[in-house]
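Work through the exercises below with the sequence and the 3D view side by side, and try each task before reading its solution.

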Amino acid sequence: MRDLPSKEANLFREILKCYELKQYKRGFKGAEQILKKFPEHGETLAMKGLFYNHLDKKELAYEFVKKGIRHDMKSHICKQTLSGHISLETEELKGIFGWHVFGLLYRSDKNYEEAAKCYAHALKYDKENIQILRDLSLLQMQMRNLEGYVDTRHVLLELRPQNRQYWVAVAIGYQLLGTPELGVKVLATYEETLKDLPSTPDYEHSELLLYHNTLLEEVGDFQVALDHLDTIEKQVCDRKATKEKRAKYFLALGRLAEAEAAYRDLLALNPDNMAYFEGLGKSLGLGSDRQTAEDEVKILEMFKQLQKEYPRSNAAKRLPLRYATGEAFVKVTDEYLRNMLRKGVPSLFVNIKTLYTDSAKEAAVEKLALGYLTSLDKSKGFDNSGAVVEPPTALLWTLYFLAQHFDYKRETEQAMGYINRAIEHTPTLVELYMAKGRILKHAGDHVAAMGALNEARELDLQDRFINTKCTKYMLRADNMAEAEKTAVLFTRADIPNPLNDLVDMQTQWFSLEAGESNLRQGQIGRALKRFHQVDKHFNDYTEDQFDFHTYCLRKMTLRAYVSMVRLEDQLRTHPYYVRAAQDAVQCYLRLFDKPDGSESEEMEGMTEAEKKKIRSKQRKAELKAQQEAEDKKKKAAATAAETAKKAGGNAAAAAAAVKGDEDPEGTKYTKCEDPLGEALKFLQPLQQLAATRIETHLMAFEICVRKNKLLLALKALLKSIKIDASHATLHEQLVRFALAVQKSSSAKSLKPSVKAVVDKHWPELYGSHGQDLNAFNAGFIEKTKTQGSVAHVISAAMSAYLVDPSKNLTKAEELLFSVKEEKFGRTRTLENAILVQKTLKGFKSARQSEWKTKAKVWFPNAAAFQ
Amino acid sequence: MTPPAIDMSSTTTTTTTEDKPKNVGFRVGLGDITPNNLGQLKRLNTVLFPVVYAPGFYKDVLEVGEFAKIIYFNDVCVGAVCCRKEPAAGSATEQNLYIATLGVLAPYRRLGLGSEMLKHILEQTNLPVAAGQAKIVKVYLHVQSNNEEALEFYKKHGFEVAEKCENYYSQFEVSDAFKLEKIIN
């Protein structure tokens, strides 16, 4: 800055301040003023670029910052750092200011890789610049360059050894690198330097000590961890954490009597914490997976005592149901169910159905509940003893419970009977209509299900939960217009397009359901738009952690911070992402298979003339919709401009609102050059995080086989085989792989190197069947014959057809129709029956209507068979 | 789905112990009628009464305040009462209260819920009124002439038959009705 005369130097200080205070316009004017006199002043040029960035002129921003660096390097200037601290040292350093600004620019664009490079450049000129080192370490953490993080943090620690944050950061780095023992050493060294310990409760110090203890726990020597816990106890504020840790350590060390006492102590604090009960059971040597009859008696006795001790604890009442069997189960469940039905707990069935993994328990519950109903009808009591008259609601909740129970077993008729009786009994109860809707949904009648949910919604308009459920059912029935109308009842009303509020609020269930509805209707572009929205939300979650890298260190919330960082690493295993990824991959596969896109499921198997008719109808509808959207946009724009004017506020936001959605159909996605490449982008996180799920590899195969990447397809198959060699879809994929190899081989396009690898693994895939796919398929049918699994039958039929469409058609059809046999009853679900129908359609089979008639007997309500 | 705005102060727990078999205790509470739960009132009226009420009826219900209530039994909505105020003939300072509907779902009858609602309405009529507002001097209603149960119920609460209105319910088989009334002091 020395190279500026004092007037301009002051002005420059002024604009730095403007940046800190986010007064970008004022700062920009200041920079222009300096540049008028000194057009080649590097630092000012860089600052001007930074201001451009905040005034939404990205390109100019990069241009000026680069210009700044160029001039900065020529001139001798002083060291400047931004963001928080501005040190005005007069050392002569080249370019550092410009590179730092460049890094900030990249960071604001979330381009962490490039930003880190810029910081590294800046550090070349000044290895010990604290601000830049800190910024760099944040980027390294964000990108999980943990080695780099530890290195940078070491440098910082050496520069500022008196600062606690720098010690802690190094420890965290080691912990995340998987070497908690080094972290322990760092913290121990730091703690030794502390002269006087805080005498009053000090939360930050307390958290530091607990973090230290957590590291010891992670190292795995529980004795050391326990001893440490004893020494720090007096200074720890989080008493509950101390108690939980101590109980856990006692248990791990086998000091069972002490563990028991510790868990009993914890239960007194919270008698509804399942983990405490579990810990207590373990410390008594009970509650393991393999439980003897003796253990069972003991554990039930334990819970009996606890119930007396904590009469208000729900967990103490519910947990015995998990451990009890046989007669004892009937006894405890009887008591539990009566209590809950008398009280009227709507969630009772959801709570009970987890026991149904044991079919004996399922049968016992059914018998009990049916018994209650008979008695309530006869004598208004749960048994016919005549001792107690239950309130009328007991009958109501029993009917509700039974309806859900039989729906769970997919016995639609029974379930409908009970729910209709319940509605007749008390027609004002919202839950009943929801249950009815669910039964209808499971029976395949989505329109009637939506009707039931809407009835429920109209009974209680202020209930967001039922409004949300109703919206979801509308989407399942592919009624987008109603769904949008219903959803916006609970969104912000003061924005031009209230539906956008759902996106802003990251309402993922809506994006997913709407996208899946679009997909069902063949609107691939719209569907992809939704699935990309979900992907973006997950990106945002990842971005959102950035601020915590500094914030948590400052606040010393270290245990929470580390668990957050670990959570972020697993984020995309969340079912919402998995679902969005699977759906998106499906969309892109369809785009690849049928680039013209518009072919919906209904149109498959139609003649050209019919298709043409439908297409022209669709076009007309589209034009009309476009016109309507146009009008709506104009109106919305007018109101938005109006509100913005009234608020006198943010012009940019108003402009964005006016702009609206320029691509409602999502043509950006349907017109993409490389659908398979896009599909891969969705899949990659799953390959990394969900490699144990077979679906991941099944999808990978679908993408790779279309790309004709045979080796990658082979890799996916081998992974699938490892997870579940008898998976139904896998068999069909194996057949398709063999066909792809044969085709490639006969076209002479199979590279010898590829062929060698494929040949090597061939026996792993096809056993002794070699190239004879008919024999391979026959083997599969034989092997899975006794399973009675519809999915496997479909796969076998599909495979037979693929091997030879003309010769094997009859055989494939016969296979599909074998599903009518009794042994398939268990897996003859609505989903599978629909899948058979689709498969027949794919064959262009003449027996489609025969199947429809057949399936309609099993699923009389299903819309698919009407 | 928690029922909206139950006034907990009016929630009572009734346990009868005197005669066997023992009744299990239950909770009763009155709640306001709002635009959000109007659907429940409509559903109740459809089930309870053969008369179809016009949209205007439900609009008025939202404006009479404490004179229209829903009753909850163990947090489930099972009955309702709706009244309207009518100017008394020839007086500006007095008005009558007409009970248009009062009903409880069949499984929940004989548990004191109807009395609870009627008691509430009568209490409200006894409250002092603000200056310039008309005082309620009479509560009245119509009962189908063959509805013994209802007649007995209202008589128990101090209502008297004022007149017999022939062909009052012209669309029903039993078309005659009794007009019952109670004078408020």
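**Exercise 1: An annotated stretch of chain A**

Over residues 96-129 of chain A the predicted model is 79% helix and 0% strand, with the end C-alpha atoms 10 Å apart. Find the annotation that the UniProt record gives for this stretch, and then set the stretch in the context of chain A.

Solution. Step one is to consult the record: the unreviewed UniProt entry places the feature "repeat: TPR" at residues 96-129 of chain A. Step two is to look at the chain as a whole, where 45 helices and three strands are found, and where the C-alpha trace spans about 95 × 80 × 70 Å along its principal axes. Step three turns to packing: of the 866 residues in chain A, 38% are buried, and among the contacts between residues at least 6 apart in sequence, 54% join residues at least 24 apart.

**Exercise 2: Where the two chains meet**

How many residues of chain A are in contact with chain B, and which elements of chain A supply them?

Solution. Begin with the count, which is 24 residues of chain A in contact with 24 residues of chain B. Next, locate the elements of chain A that each supply at least two residues of this side, namely strand E3 (388-389), helix H21 (392-408), helix H23 (430-442) and helix H24 (446-459). Then sort the residues on the side of chain A by class, which gives 11 nonpolar, seven polar and six charged residues. Finally, examine the strand: E3(A) runs parallel to strand E2 (residues 22-23) of chain B and is joined to it by two bridges, and Val388(A) has Lys22(B) as its bridge partner there.

**Exercise 3: Strand pairing in chain B**

Describe how strand E9 (residues 177-183) of chain B pairs with strand E7 (residues 135-144) of chain B and with strand E8 (residues 160-165) of chain B.

Solution. Take E7(B) to start with: its pairing with E9(B) is antiparallel and extends over seven bridges, with Leu180(B) as the bridge partner of Leu141(B). Now take E8(B), which also pairs with E9(B) in the antiparallel sense, over five bridges, and here Cys165(B) stands opposite Ala177(B). As a last step, compare with the record, in which the unreviewed annotation "domain: N-acetyltransferase" covers residues 28-181 of chain B; over that range the chain is 27% helix and 36% strand, and the end C-alpha atoms are 27 Å apart.

**Exercise 4: The nonpolar cores**

Which residues have the most contacts inside the largest nonpolar core?

Solution. The largest core has 156 residues, and those with the most contacts inside it are Ala403(A), Ala584(A), Ala797(A) and Ile71(B). The largest share of this core, 10 residues, comes from H21(A). Looking at Ala403(A) and leaving aside its neighbours within four places in sequence, we find it in contact with Ala415(A), Tyr418(A), Ile419(A), Ala422(A), Ala435(A) and Ile439(A). Apart from the largest core lies another, of 88 residues, including Met47(A) and Phe250(A).

**Exercise 5: Confidence in the prediction**

Which elements of chain B have the lowest and the highest mean pLDDT?

Solution. Start with the chain average: the mean pLDDT of chain B is 87, and 89% of its residues reach 70 or more. Among its elements, strand E1 (residues 12-14) has the lowest mean, 45, and strand E4 (residues 68-73) the highest, 97. Over residues 1-18 of chain B the pLDDT is below 50, although this stretch has 37 contacts in the model beyond near neighbours in sequence. For the complex, the predictor gives an ipTM of 0.89 and a pTM of 0.86.

Notes. Residues numbered from 1 in each chain as written. Chains lettered and ligands numbered in written order. Predicted model: local features only at pLDDT ≥ 70, side-chain atom pairs only at ≥ 80, totals over all residues. Contact = placed C-beta atoms within 7 Å. Helix = DSSP H or I, 4+ residues; strand = E, 2+ residues; numbered from the N terminus. Nonpolar A, V, L, I, M, F, W, Y, C, P; charged D, E, K, R; others polar. Pairing = 2+ DSSP bridges. UniProt positions renumbered as here; feature names shortened; annotations may be inferred. Buried ≥ 20, exposed ≤ 12 C-beta atoms within 10 Å, placed from the backbone. Core = buried A, V, L, I, M, F, W, Y, C linked by C-beta atoms within 7 Å. pLDDT = per-residue confidence, 0-100.
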